[in-house]
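Okay, thanks everyone, let's get going. I'll put the sequence and the model up, and then walk you through a few parts of it.

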Amino acid sequence: MIITRPREWGRIRRQLADLGATRVFITGCGECATVAHTGGEPEVLAAKERLEEEGLTVTGWSVGDVTCHAGGQRLEARKHACEIESADAVLVLACGAGVQTVADTTTKPVTPGLESVFLGNVVRNGVFEERCQMCGDCVLDRTAGICPVTTCPKGLLNGPCGGMWNGMCEVVADRECTHVLIRRRLAEQGRAIKAEPLPPKDYSKKLKPGRVDIRPKHGGRKAGGAS
Amino acid sequence: MSHFRELLESGSFVVTGEIAPPLGTDISAMAASVWALASVCDAINVTDNQGATLHLSSLAASRVVHEMGVEPIFQQTCRDRNRLALQSDLLAAWTFGLTTLLAVTGDDPRSGDHPEAKGVFDLDSTQLIQMARGFNEGHDMKGRDLKGATDFLIGAAMFPEAEPWDIQQARIEEKMAAGARFFQTQAVFDLDKFQRAADVVHAAGAKVIAGILVLRSPRVIRFINERLAGLMVPDHIAARIERAEDAAEEAVLLAIEQARALRQIADGVHVMPLGLDAAVPRIIREAGIKE
């Protein structure tokens, strides 16, 4: 789940003003931004109401299934073609991936209404935690299923660092030290808490920009394995 | 071989001090600190953007100390440099005549004066130690031969009082296995806890230099407890300084007592004067460590 936070409203208004936009189409997202309560139907309607209160015209709105899905978003844009066409700009309440997918489907200027913050676990409704940074070089087999790259604020592979005190983190004081948690869980599983240090991370495996193509090389729709 | 290394490896009790490079290019105050400490210190640590706050680089400042005829302990953190920069700076350090390295993680930028900065942490301290050991063996991180190797005495940091101890012990052992030959510790307040750490270090044939803080005022103690990562002054010690008529004098007396006690357990003391540089010679002499 991509976790997003609402962008400061004054900044959104400045973005629209910079575009000279008085007529706005709003797009949300039926997937992550709905779960994050930042770009689902209620939030899109709230933004609509607020823009209208402030004297702007909202030409229409949509919350498609998954805004970052190019095919789905093309359909969504076609459904709302007239409303988008009559707008000066499209305000997108979705993650950065969603904003760019929308931008690919229209010639209108597109502007973000959210900040994309992390790939998050849904701990409970309204509580999200980052557990994976998608580094491309997973170490969870060595770390008892707790990611040090993500959950140690310094991203240290071997720890704890010198700031750990009574099992707590020095950077985020109300957090338990990731490296203490890892070694505790290793011990609970009967595994050694002291082992060969993890080697430096291979950042060449972090695809930047990321692109994966698992389609069979010679066309057709046969099952293709992850490469 | 460096004099400091000779002393440490031959079993002499060593004394190290610490200076901070300036924020700027005027090194006169730093040089004055070096002179104040040099009469009793066998080597002086030169911090690397300590507390994640901007200072002249440890590399340049260590070189200055070296040129003054005093042995620097070149500190390198993993916070500000990726593995390319760390490697080239270590090679630079050796060509500058810096022979002792203290490899540490580094405080998080969020606790410093540039909280917007990206913490690099491409390597951690264990991996930095391994890298330096590789240099000593004549190869870089990729295993390629160096044209001219290094022979660093590699040190690491430890915090003997931090719990849980079993995990701290595992860390100490990992750092020694990676190549650390000596440790410098955070301030020691509890001798029993220091003893258990010293036992682990000595069992592997390495050395441990015990940290002593000169807690010169109640304000400094509050700063340490609130701001410094991984350090906590125990209440009974804080109360002693707070109650004293002359806090600075009491802090020096406390440091003398600590140094005397640690002399029986440690391989040296590392005095962090927190500005009271002039007190360091007195602490060392009155503790009976040096004439």
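Quick bit of vocabulary before the sheet: I call two strands paired if DSSP finds at least two bridges between them. And keep in mind that this is a predicted model.

So, the sheet in chain A. Four strands make an open sheet, and the order is S3-S2-S4-S5, with parallel pairing. Which strands stand at the edges? Those are S3, residues 57-64, and S5, residues 110-112, of chain A; each has a single partner strand, so one side of each is left without a neighbour in the sheet. On average, neighbouring strands here are turned by 25 degrees against each other, direction ignored.

Now look at S2 (23-29) and S4 (89-92) of chain A: they pair in the parallel sense over four bridges. If you want a spot to click on, A:Thr27 stands opposite A:Val92 in S4(A). Then there's a helix on this sheet: H6 of chain A, residues 96-103, lies across S2, S4 and S5 of chain A, and runs at about 170 degrees to S5(A).

Okay, zooming out. The domain assignment splits chain A into domain 1, 2-118, and domain 2, 136-195. How far apart are the C-alpha centres of the two? They lie 39 Å apart.

Further along chain A we get to H8, residues 178-188. The buried residues there are A:Thr178, A:His179, A:Val180, A:Ile182 and A:Arg183. What do they pack against? Helix H7 (148-151) of chain A, together with helix H6 (165-178) of chain B. After H8(A) comes A:Gly190, with a positive phi near 75 degrees.

That brings us to the contact between the chains. Chain A puts in 23 residues and chain B 27. On the chain A side that touches chain B, you've got 12 nonpolar, seven polar and four charged residues.

Last topic, the cores. In soluble globular proteins, nonpolar side chains tend to be buried together. Here the largest nonpolar core has 94 residues, and those with the most contacts inside it include B:Ile44, B:Phe183 and B:Ile283. Helix H10 of chain B, residues 247-262, gives the most to this core, with seven residues. Take B:Ile283: leaving aside neighbours within four places in sequence, B:Ile283 is in contact with B:Val252, B:Ala255, B:Ile256, B:Ala259 and B:Val271. Apart from that core lies another one, of 35 residues, among them A:Ile12, A:Leu51, A:Ile84 and A:Val99.

That's it from me, thanks.

How values were computed
Residues numbered from 1 in each chain as written. Chains lettered and ligands numbered in written order. Predicted model: local features only at pLDDT ≥ 70, side-chain atom pairs only at ≥ 80, totals over all residues. Buried ≥ 20, exposed ≤ 12 C-beta atoms within 10 Å, placed from the backbone. Helix = DSSP H or I, 4+ residues; strand = E, 2+ residues; numbered from the N terminus. Contact = placed C-beta atoms within 7 Å. Axes fitted to C-alpha atoms, helices over the stretch in contact; angles between N-to-C directions. Nonpolar A, V, L, I, M, F, W, Y, C, P; charged D, E, K, R; others polar. Core = buried A, V, L, I, M, F, W, Y, C linked by C-beta atoms within 7 Å. Domains from an automatic or database assignment.
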